[in-house]
Amino acid sequence: MARPITSIADLRAIAKRRVPRMFYDYCDSGAWTESTYRENESDFVPIKLRQRVAVDLRNRTLETTMIGEKISMPVAIAPTGLTGMQHADGEIHAARAAEKAGIPFTLSTMSICSIEDVAENTSKPFWFQLYVMRDRDFVSRLIQRAKAAKCSALVLTLDLQILGQRHKDIVNGLSTPPRMTIPNIINLATKPRWCLNMLRTNRRTFRNIAGHAKGVTDLRSLSSWTAEQFDPALSWDDVKWIKDQWGGKLILKGILDPEDAEKAAASGADALIVSNHGGRQLDGAISSISALPAIVDAVGDRIEVLMDGGIRSGQDVLKAVALGAKGVFIGRSFLYGLGAGGEAGVTACLDIIRKELDITMAFCGLRDIQDVDSRIIARR
């Protein structure tokens, strides 16, 4: 009899067995010593909750809004690169699970399935995450493609002007599709389910880029183009240019310092995401949950504050909301579910988080997620 799946950790264990090492490690790793990656998760532990009793807990609701959109709980799926290498057609599977759950899905620029692929396989608008490339004509066309697909928000990532060094990716020789080295062939031979699913799809490269960027005709040219295109000159002037190009709801991702939060609020963006890129950029940066309160204090009355990093349970969601986040994004948690079981695995992840969030809110004596604030945090 199969062991019941009761937590995100259970999904993680299954994904580790089923996903090839280089792609599992891409998901489940951070930069350098991985200290920030670990602390994103561990810094939730010291935050304790107040248990309340003898409160009417009937008719509970987790419904709320993010950037004015009604959602079933304060959770969105984060943009993650190479999602379609955790499971064949992974972005489509995750978007369908999010749609079914009534929460936003965010597609990464560095996705395997394209904007058009996801739009053709879903029925509700999703969000699109943009990296700023040196080729501004390509960026402009990418924005226009997101508009044509009726994406309802643009998530602009600001903390990837240069790439952080991720040791596991170097050791594994990460590539898309994987290089057929002897170690990779041996590892792939142990992942028959993954290989069979990949053989059934033609989506195995960065389809937002291949066929759309000038001079990109094969995997070699795609790899060199991508390595050269992240723009170290990105500035707040570019944020204004992108805002004007887009013309719709804009979310700024990668804010970790109150001074940058002030600039984000002044930019006219609709929301910001407190984020350290999952600990994949500056190792030694403060964890997202630790950075959240100061940013809420600085700008929370002028711009919607969201958060990502380290969310592995519904309790983590509740703690983030209590500290001022209007919603959170999950990255690794949904990727574990995707690697474990495709769309059904992502649905299992969201069901786990929803149930934990609902029950924990009830134990704290509340029935409506919109009533959650710092009063539920225990003071020691």
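Biologist: Quick one to start: is Trp225 buried or exposed?
Modeller: Trp225 is buried, with a relative accessible area of 8%; buried means under 20%, exposed over 50% and partly exposed in between, using a 1.4 Å probe and protein chains only. Please keep in mind that this is a predicted model, where local features need pLDDT of at least 70, side-chain atom pairs need 80 or more, and totals for chains, interfaces and linings use all residues. Residues are numbered from 1 along each chain as its sequence is written, and side-chain values use heavy atoms, without hydrogens or water.

Biologist: And which ring does Trp225 pair with?
Modeller: Trp225 forms an aromatic pair with Phe138, and the arrangement is edge-to-face, with 5.0 Å from centre to centre and 75° between the planes. Rings of Phe, Tyr and Trp (its six-membered ring) pair if their centres lie within 6.5 Å, and planes under 30 degrees apart count as stacked, over 60 as edge-to-face, the rest as tilted. Phe138 is also buried, at a relative accessible area of 1%.

Biologist: Where in the chain do those two sit?
Modeller: Phe138 belongs to helix H6 (residues 136-148) and Trp225 to helix H10 (residues 219-229), so the pair links distant parts of the chain, 87 residues apart. Helices (H or I, at least four residues) and strands (E, at least two) are DSSP runs numbered from the N terminus.

Biologist: How many aromatic pairs are there in the whole structure?
Modeller: A search of the whole structure finds five aromatic pairs.

Biologist: Switching to H12, which residues are buried there?
Modeller: In helix H12, which runs over residues 258-266, the buried ones are Ala261, Ala264 and Ala265. They lie on the same side of H12 because they cover an arc of only 95° around the axis, judged by the directions from the helix axis to the C-beta atoms. Glu259 and Ala266, on the other side of H12, are exposed.

Biologist: What do the buried ones pack against?
Modeller: The buried residues of H12 pack against helix H11 (236-246), strand S7 (250-255), strand S8 (271-274) and helix H13 (288-299), where contact means heavy atoms within 4.5 Å. After H12 comes Gly268, whose phi is positive, near 90°.

Biologist: And what is the strand order in the sheet?
Modeller: The open sheet has eight strands with parallel pairing, in the order S3-S10-S9-S8-S7-S6-S5-S4; strands pair if DSSP finds at least two bridges between them. Strand S3 (75-77) and strand S4 (106-107) are the edge strands, each pairing on one side only.

Biologist: How many bridges join S6 and S7?
Modeller: Strand S6 (residues 153-157) pairs with S7 in the parallel sense over four bridges, and Val155 stands opposite Ile251 in S7.
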